[in-house]
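Thanks for coming, everyone. Please have the sequence and the model open while I talk.

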Amino acid sequence: MTTHAPAAPVLLQIEAMDIVSYIFGTNVQREHIGASWLVTQLPRWFRSACDSESVDVLVSVSGKLLAKVESAQAAKKIVTAVSCAALDEAPELDICGAWVSLPGDEVTVGDMRRAAVALEEARSLRVSMDAASPTIPFLDVCRVSNRPAVPELGTTGEWARDKKIALSESSRRKRVKAQDFRSHLLKVLENGGISEENATRLLPHLKELEEAADDDSTGITELEWVGVVHADVNHLTSALYGGNAEAVHAVNPQELRERTRQISQAIESAYVAGAKAVLIQADAASPKKRVNVLPLFPIMLGGDDLTVVVHGHYALTFAVEYAKALRAATGADDSPLRSLTDDQSGFRAAIGVALVKPHFPYHLAAALATALCDRSKQASRAESMVDFEVVYDSVHIDLDGIRGRDPVPSLRPLRVEGVGAGSWCGLVAAARAVVGDGDKDRGMPSGQLAALRDEVRRSGSPPTDPALSDAAAARWSRLAHQYPRSAQALGDGAGRVVWEDRPSSRRVSQLFDVKALLDVSPVSLVRLLAEGSCGSEGDGR
């Protein structure tokens with residue numbers, strides 16, 4: 001009699017690949033919101049596919065799943081079922097799965113790394129989503145993308161005006177699901193202590209959201225700037241593995257699931273805290289004219305990172321308060337995550353904020369925010385850092401191109417906590433001094449500040465030479481005499497607008513940081529920030 005050896009267990013990883021491209025495939029915010037909701041459905045599709053299979057889930061978050069499965073055959077069946085579900089509900093969402101054999105019953109950190117490598121190898125062998133849905137000349141083309149158009153879906157939730165225009169199946173599915181995500185987010189905010197009225201201001205009806213971005217055609221609000229915020233949690237991988245990321249370290253599935261859930265919960269709580277700060281600042285900065293639409297939509301909420309599209313005036317407020325709240329939530333005495341950080345004082349975050357005009361391509365803004373987040377992480381993982389950039393035109397849309405225009409490096413990324421030059425509060429205090437108090441001290445006029453920035457930018461002196469051009473030096477001398485308080489805040493305390501940073505031996509200036517902040521923040525908000533969360537601590541020098 002022939003006997004068969006039992007099938008070896010495998011570690012299966014399934015991911016929604018290139019999520020940013022899927023979410024920001026068009027420039028329609030309603031589709032971004034619906035796409036975000038569809039990405040979160042991966043765990044549901046996985047559960048349905050595992051009805052008759054024995055699985056032990058290690059990680060289950062938005063867009064990613066990691067599970068121990070009884071055999072390679074079972075893993076293949078699950079990947080096929082999940083892919084079919086995604087094709088039906090979320091066409092163009094790229095689902096990829098791969099698995100590796102396990103030498104024993106335990107799953108180690110090394111096994112998880114092997115699964116991640118296998119997933120990347122599998123992905124590289126597949127046809128891209130662009131090639132999978134080519135445009136055929138005799139077919140109608142979607143109005144907002146280059147995909148083939150399809151008839152209306154005939155499902156509940158499809159807007160009447162959407163039925164009349166040419167849209168791809170992906171666009172139609174995303175638009176139908178946008179309301180589902182909005183309803184979920186409203187519950188998140190309300191469960192976090194935000195009233196229904198205020199939650200609706202942050203997550204407006206989708207028609208109001210689209211009208212707000214269309215040059216204030218309805219008078220609802222003026223959305224001059226839009227902020228795309230991307231945040232990552234530092235040292236998260238080590239924390240998930242209990243502080244041990246060695247390849248041979250065995251992973252406890254139950255502990256890993258619980259830590260993943262706790263971290264997702266902490267990120268959600270910090271998002272709500274940031275939303276509360278936006279409401280407080282908006283109402284205090286504009287007490288006579290209430291802003292009824294304050295868009296603050298998380299595009300990716302769940303897992304280990306966060307991407308938010310927010311009213312541009314309050315994007316930096318949200319970013320800073322989010323980082324502070326994340327550390328507070330994970331560093332509290334009763335937090336189960338407290339012991340996972342090196343100093344037991346909570347997780348730090350790296351944040352990037354891209355500030356763009358409402359009709360700027362969102363996928364480019366998201367890429368810029370991610371690049372800025374990477375810069376923040378490179379600057380320091382030991383403390384929360386935020387970097388931001390204002391995109392004034394479409395000539396330079398990548399970070400290197402934008403930063404390359406300025407011959408003098410700025411002080412960004414900024415420390416979220418602390419004071420002095422190179423900190424958020426230091427920048428706020430400097431900006432506050434530049435705009436003045438509105439009474440006797442009116443501060444340096446915006447036009448003069450812009451002219452000084454342009455002269456310094458045109459000076460073009462080498463990075464090792466801290467001297468300004470004659471024109472820039474003359475303008476700085478004149479403005480320093482006319483506006484001494486503003487000049488003191490912009491400079492290094494010794495009368496220089498450009499100076500050498502001793503630790504890095506590079507020449508730096510706070511001028512570009514202050515001008516960028518003032519370009520996207522109302523004067524009333526700058527004064528409020530200086531008097532509020534930063535108080536008198538943030539010395540700009």
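**Pockets, cavities and helix crossings**

Let me start with the lining of the largest pocket. By class, it has 22 nonpolar, 12 polar and 11 charged residues. Keep in mind that this is a predicted model.

How many residues line the largest pocket? The count is 45. Glu15, Val61, Lys64, Asp304 and Asp305 lie nearest the centre of that pocket. Its volume is about 1,100 Å³. Which helix gives the largest share of the lining? That is α5, residues 109–124, with 6 residues.

Now the enclosed spaces. Rolling a probe the size of a water molecule over the atoms shows where empty space is left. Searching the whole structure turns up 4 cavities of 30 Å³ or more. I will take two of them.

The largest cavity holds about 90 Å³ of space. Its lining includes Glu389, Tyr392, Ile402, Arg403, Arg405 and Asp406. Arg412, Arg453, Arg457, Phe512, Lys515 and Ala516 line it too. Three elements give two or more residues each: α15 (399–403), α17 (446–459) and α20 (511–520). Which gives the most? Helix α20 does, with 3 residues. Look at the classes here. There are 8 charged residues in this lining, 4 nonpolar and no polar.

The second largest cavity has about 50 Å³ of space. It is lined by 13 residues. Nearest its centre are His313, Leu316, Thr317, Leu517 and Ser521. The elements giving two or more residues to this lining are α13 (315–331), α20 and α21 (523–531). The largest share is 3 residues, from α13. Now the classes: 9 nonpolar, 4 polar and no charged. So helix α20 is on the list for the largest cavity, and α20 is on the list for the second largest cavity as well.

Next, how do the helices pack? Stay with α20 for a moment. The axes of α17 and α20 come within 10 Å, and they cross at roughly 140°. The two helices are therefore oblique to each other. Is the crossing left-handed or right-handed? It is left-handed.

Who makes that contact? From α17 come Ser446, Leu449, Ala450, Leu452, Arg453, Val456 and Arg457. From α20 come Leu511, Phe512, Val514, Lys515, Leu518 and Asp519. By class, that is 8 nonpolar, 1 polar and 4 charged residues. Some names here should sound familiar. Arg453, Arg457, Phe512 and Lys515 are in this contact, and Arg453, Arg457, Phe512 and Lys515 also line the largest cavity.

On to α21. It pairs with α16, residues 424–435. Their axes come within 9 Å and cross at roughly 130°. That angle makes α16 and α21 oblique to each other, therefore the same word applies as I used for α17 and α20. Helix α16 passes α21 in a left-handed crossing. On the α16 side, find Trp424, Val428, Ala431, Arg432 and Val435. They meet Val523, Val526, Arg527, Leu529, Ala530 and Glu531 in α21. This contact divides into 8 nonpolar, no polar and 3 charged residues.

One more pair, from earlier in the chain. Helix α3 covers residues 42–49, and helix α4 covers residues 72–89. They pack at an angle of about 130°, with their axes 9 Å apart. That makes α3 oblique to α4. What is the handedness of this crossing? It is right-handed. Leu42, Arg44, Trp45, Phe46 and Ala49 of α3 make the contact, with Ile78, Ala81, Val82, Ala85, Ala86 and Glu89 of α4. Its classes are 9 nonpolar, no polar and 2 charged.

Last, two spots in the backbone. Most residues other than glycine have a negative phi, and most peptide bonds are trans. Where does this model depart from that? The peptide bond from Arg412 to Pro413 is cis, with omega near 0°. Pro413 sits in the loop between α15 and β12 (414–415). Arg412 also came up earlier, in the lining of the largest cavity.

The other spot is Asp18. Its phi is positive, near 50°, and it is not a glycine. Find Asp18 in the loop between β1 (10–17) and α1 (19–23).

That is my tour. Over to you.

Definitions and conventions. Residues are numbered from 1 along each chain as its sequence is written. This is a predicted model: local features need pLDDT of at least 70, side-chain atom pairs count only at pLDDT 80 or more; totals for chains, interfaces and linings use all residues. Side-chain values use heavy atoms; hydrogens and water are left out. Axes are lines fitted to C-alpha atoms, for helices over the stretch in contact, and angles run from 0 to 180 degrees between N-to-C directions. Helices (H or I, at least four residues) and strands (E, at least two) are DSSP runs, numbered from the N terminus. Angles under 35 degrees count as roughly parallel, over 145 as roughly antiparallel, 65 to 115 as roughly perpendicular and the rest as oblique. A crossing is left-handed if the near helix is turned anticlockwise from the far one by less than a right angle, and right-handed if clockwise. Contact means heavy atoms within 4.5 Å. Ala, Val, Leu, Ile, Met, Phe, Trp, Tyr, Cys and Pro count as nonpolar, Asp, Glu, Lys and Arg as charged, and the others, Gly among them, as polar. On a 1 Å grid over the protein atoms alone, a cavity is a set of points where a 1.4 Å probe fits but cannot get out, and a pocket is an open set with protein on both sides within 12 Å along at least five of seven lines; lining residues have an atom within 4 Å of a point. Grid points are joined across faces, edges and corners, and a volume is the space filled by probe spheres set on the points.
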